[in-house]
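Hi,

Here is the structure I promised to send over. Have a look at it first, and then read my notes on the charged side chains below.

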Amino acid sequence: MAGEHVTMLDETHRDEDFSGRRFASWTVGVSTFERCRFENIRAAVAKLGVGPTPTVFRDCSFDGSRFTRTMLALLRFERCTFRNVVMRKWISNDGDFVDCVFSGDLPELTIAGAGYRSYTAPLTPNEIVGNDLRDAVMLGGSFRAGVDLSRQRLPTDPRHVLIPDPATTLPAAFAVVRTWDERDVRINAESTLAVLHEDYRSGQEQLLLCPGVRSSASESANARLLELVRGLVKP
């Protein structure tokens, strides 16, 4: 992707419009943005939150933007909107998301409820609360490390299923999947359940099943697993 190479470090911006920019690379750190617009941005590489202290985006809009490759570090988003976006592999281990709105395609979106904010820091809680993901698609993504899913509005797309009681649901799902005859489908489903089980063991008390598609076998496994788990968690 042709575009600018832009670095923003130790900057403060209020009521500014950066919409429509084209970035070959965009690096942001130790900065604050309030009521700024980043709409319809195209970025080949975005490195957000670099540096020793968080970058804060407050009341900002990223609507319509497309990020091909993103690296997220120390960040705080408050009341930001990400409507109709394409943002691949957004993996946030050390970010806060408060009252944000997401819609569009966010494959492998992963948000952690706690992270290590430096190499010497202890595990630190992240603030993840009040976010609206009802119109987002986050296949292959997850919430990890203690995100309270009851305090988020989760995707309504049928390829996403909330598991409120993993201690009961996961063993029951494993037991059924192990009886499936098709080996490739069974292995794919078991692999998905194993990742969920590890997330649960690591402190994620509620789980969101939204498996990504890696092959025709995984697509078939996903469909069967979603149907199975949906039946197991049905009140």
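What follows is a short run through the salt bridges. Keep in mind that this is a predicted model.

In total, the structure holds 20 salt bridges. As background, side chains of opposite charge can pair when their charged atoms come close. I picked out three pairs for you.

Let's start with R76 and E78. Their side chains form a salt bridge with an N to O distance of 2.4 Å, and both R76 and E78 are buried.

Next up is R134 with D132, where the salt bridge comes out at 2.7 Å, N to O. Are these two buried or partly exposed? D132 counts as buried because its relative accessibility is 13%, under the 20% cut-off. R134 has a relative accessibility of 33%, so R134 counts as partly exposed.

The third pair is R224 and E182, whose side chains meet in a salt bridge at 3.6 Å, N to O. R224 sits in helix α3 (residues 216–233), while E182 is in the loop between α1 (166–177) and α2 (183–201), so this pair ties together parts that are 42 residues apart in sequence. R224 is partly exposed, at 30% relative accessibility, and E182 is partly exposed too, with a relative accessible area of 46%.

One last thing to look for is a network. Salt bridges with shared partners link R14, D15, E34, R35, R58, R76, E78, D96 and E127 into one network. You'll recognise R76 and E78 there from the buried pair above.

Cheers

Terms used
Residues numbered from 1 in each chain as written. Predicted model: local features only at pLDDT ≥ 70, side-chain atom pairs only at ≥ 80, totals over all residues. Heavy atoms only, no water. Salt bridge = Lys/Arg side-chain N within 4 Å of Asp/Glu carboxyl O. Buried < 20%, exposed > 50% of the residue type's maximum accessible area, 1.4 Å probe, protein only. Helix = DSSP H or I, 4+ residues; strand = E, 2+ residues; numbered from the N terminus.
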